[in-house]
Amino acid sequence: MSATLKILALLLVAAAAAPPPIEFNDINQLIKALEMPGIFMNDKFNSKPLKVRMAKWRVTDCGMPSDPVKINGTLMPDPLNINDQISGSFNVTPMVMVSSPLKAEVTIMKKVGSTMVKIPCVSNLGSCNYDDLCSLIPLQPGEPCPSPLSDYNIPCMCPFKMGSYVLPAQSFYLPSGILPSWLVTGEYHGKAMLSSNGKSLACRELTMSVVSS
């Protein structure tokens, strides 16, 4: 995965309010549940990337009006086709200096019947807590930001100064390798909360459907 995709992936935020979830602390338990006959209408967990599309995107702000980081973005088309070109843009406006530690709490759930199943954290993907996103940025101090971020003077390493960082619509290739193997077809809800030193910075929710291509 390119450095640009890794950096942009750190901006992903997810989910929506839902019924109390069933939690799986072991990935093998989750796989068995996903493979239960009838639950996914013949959709089964596959260790190989599936040919899927991500449709019906809906992203909302789940933070407080006082949260000091505002995040807006677009992804097109709907549905997004894997192994194809997509268009994306974002506008991030931090009203405070954002520095390490930048904590993210991510919850991802999948609808199973009328119940929400919590996807566990596996290999740093899924319902994970990240103590410091700054430490996950795949660049060394002094290394320049990759294009297109550098083209628009958008910083890609902590700290992030107050200001408005705008990336106009850009075309990206979305490879299947960027997707986790547990991403089978169905309805998903996610939520991501950003904070630093116990103070809330931002919160985003996402709902989407994954359909066969």
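**View 1. Three strands, E3, E5 and E9, line up in an open sheet.** The order across this sheet is E3-E5-E9, and the pairing is antiparallel. On the edges sit strand E3 (69–76) and strand E9 (165–174), each of which pairs on one side only. Direction ignored, neighbouring strands here are turned by 20 degrees against each other on average. Bear in mind that this is a predicted model, in this view and in the ones below.

**View 2. Here we zoom in on the pairing of E3 with E5.** Strand E5 covers residues 84–94, and eight bridges join it to E3 in the antiparallel sense. Want one bridge to look for? Pick out Val69, whose bridge partner in E5 is Pro94.

**View 3. Met95, Val96 and Met162 make a nonpolar patch on the surface.** The patch comes to about 290 Å². To find one of its members, follow the chain into the loop between E5 and strand E6 (103–112), where Met95 has its place. Is Met95 buried, exposed or partly exposed? Its relative accessible area is 43%, and the range from 20% to 50% is what counts as partly exposed, so Met95 is partly exposed.

**View 4. Cys128 is tucked into a loop and counts as buried.** The loop in question runs between strand E7 (115–118) and strand E8 (129–130). With a relative accessibility of 1%, Cys128 falls under the 20% cut-off for buried residues. Which residues does Cys128 touch, if we skip those up to four places away in sequence? They are Ala104, Glu105, Val106, Cys121 and Val122. Thr107 is worth finding too: Cys128 and Thr107 are 21 residues apart along the chain, and 6.7 Å separates their C-alpha atoms.

**View 5. Gly126 shares the stage with Thr107.** Look in the loop between E7 and E8 for Gly126. Its relative accessibility is 6%, so Gly126 counts as buried. Along the sequence, Gly126 and Thr107 are 19 residues apart; in space, C-alpha to C-alpha, the gap between them is 7.0 Å.

**View 6. Ser195 is a buried residue in strand E10.** This strand spans residues 186–196. At 14% relative accessibility, Ser195 is under the 20% cut-off, so it counts as buried. What is Ser195 in contact with, leaving aside its neighbours within four places in sequence? The list is Pro101, Leu102, Lys103, Ser200 and Leu201.

**View 7. Asn197 sits out in the open, in the loop between E10 and strand E11 (199–212).** Its relative accessible area is 62%, so Asn197 counts as exposed. Pro101 is 96 residues away from Asn197 in sequence, yet their C-alpha atoms are 6.9 Å apart in space.

**View 8. Stepping back, the protein chain has two helices and 11 strands.** Going along the sequence, the pattern reads α-β-α-β-β-β-β-β-β-β-β-β-β. Of its 213 residues, 41% count as buried. The accessible surface of the chain is about 11800 Å², and carbon and sulfur atoms account for 56% of that. Among contacts in the chain with a separation of 6 or more, 71% are between residues 24 or more positions apart.

How values were computed
Residues are numbered from 1 along each chain as its sequence is written. This is a predicted model: local features need pLDDT of at least 70, side-chain atom pairs count only at pLDDT 80 or more; totals for chains, interfaces and linings use all residues. Side-chain values use heavy atoms; hydrogens and water are left out. Two strands pair if DSSP finds at least two bridges between them. Helices (H or I, at least four residues) and strands (E, at least two) are DSSP runs, numbered from the N terminus. Axes are lines fitted to C-alpha atoms, for helices over the stretch in contact, and angles run from 0 to 180 degrees between N-to-C directions. Patches are made of residues with over 30% relative accessible area and no salt bridge: like charges are joined within 9 Å, nonpolar side chains (Val, Leu, Ile, Met, Phe, Trp, Tyr) within 5 Å. Accessible areas come from the Shrake-Rupley method with a 1.4 Å probe; for residues, only the protein chains shown count as cover. A salt bridge is a side-chain nitrogen of Lys or Arg within 4 Å of a carboxyl oxygen of Asp or Glu. Buried means under 20% relative accessible area, exposed over 50%, partly exposed in between (1.4 Å probe, protein chains only). Contact means heavy atoms within 4.5 Å.
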